[in-house]
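Let's take a walk through this model and look at its cysteines, its charged pairs and one helix packing.

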Amino acid sequence: MTQLYIYALLDPRTMRPRYIGKTYCLAQRFCQHMKANRRSRKGNWLADLRELGLKPLMTVLEEIPPEKSWEEAEIRWIAHYRLTDDLLNEKDPIVAHASAS
């Protein structure tokens with residue numbers, strides 16, 4: 001198994017997190033985000049940045065070793081940043097995790 005990363009996309013104008021996600025490949029996931037269209041709040045934000053000639057910054061919040069479950073870490077980070085920032089994550093990971101169980 002490969003190491004998984006919990007990451008944040010930061011707004012380059014404010015340096016505040018706008019999206020929390022998970023991925024095995026940071027570079028590939030960043031490229032996917034950069035192709036986002038305006039079908040979501042996150043897509044609108046990314047398109048607005050592109051129109052301004054800006055890109056979000058991606059920062060690793062936590063590295064998850066293969067033997068550890070990533071769900072708890074993602075829930076914890078989203079909950080943490082929802083207290084202080086306007087996150088663009090559409091799904092509540094607590095609800096999504098509970099319905100998958």
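Does C25 count as buried, exposed or partly exposed? Keep in mind that this is a predicted model. At 34% relative accessibility, C25 falls between the cut-offs of under 20% for buried and over 50% for exposed, so C25 counts as partly exposed.

While we're on cysteines, where does C25 stand as far as disulfides go? The count of disulfides here is zero. C25 is in none, and the nearest cysteine sulfur, in C31, sits 8.5 Å away. A disulfide needs the two sulfur atoms within 2.5 Å, so the 8.5 Å from the sulfur of C31 to that of C25 is too far for a bond. C31 is partly exposed too, with a relative accessible area of 45%.

Now for the charged pairs: the model has nine salt bridges. One of them joins R13 to D11, with the closest N and O atoms 2.7 Å apart. The two partners sit in contrasting surroundings: D11 is buried at a relative accessible area of 3%, whereas R13, at 48%, counts as partly exposed.

Another salt bridge pairs D85 with R16, and here the closest N and O atoms are 2.8 Å apart. Find D85 in the loop between α3 (71-82) and α4 (93-100), then R16 in the loop between β1 (4-10) and β2 (17-23); the pair therefore ties together parts that are 69 residues apart in sequence. D85 is buried, with 12% relative accessible area, while R16 is partly exposed at 38%.

For a pair within one element, turn to helix α3, where E72 and R76 both lie, four residues apart, or about one turn of the helix. Their side chains meet in a salt bridge at 2.9 Å, N to O. E72 is partly exposed at 42% relative accessible area, and so is R76 at 34%. This pair also belongs to something wider: salt bridges with shared partners join E62, K68, E72 and R76 into one network.

Last stop, the helix packing. How do α1 and α2 cross? The axes of α1 (residues 26-34) and α2 (residues 41-51) come within 9 Å and cross at roughly 85°, which means that α1 is roughly perpendicular to α2. On the α1 side the contact is made by R29, H33 and M34, and on the α2 side by K42, L46 and R50. By class, that contact has three charged, two nonpolar and one polar residue.

Note on methods. Residues numbered from 1 in each chain as written. Predicted model: local features only at pLDDT ≥ 70, side-chain atom pairs only at ≥ 80, totals over all residues. Heavy atoms only, no water. Axes fitted to C-alpha atoms, helices over the stretch in contact; angles between N-to-C directions. Helix = DSSP H or I, 4+ residues; strand = E, 2+ residues; numbered from the N terminus. Parallel < 35°, antiparallel > 145°, perpendicular 65-115°, else oblique. Contact = heavy atoms within 4.5 Å. Nonpolar A, V, L, I, M, F, W, Y, C, P; charged D, E, K, R; others polar. Buried < 20%, exposed > 50% of the residue type's maximum accessible area, 1.4 Å probe, protein only. Salt bridge = Lys/Arg side-chain N within 4 Å of Asp/Glu carboxyl O.
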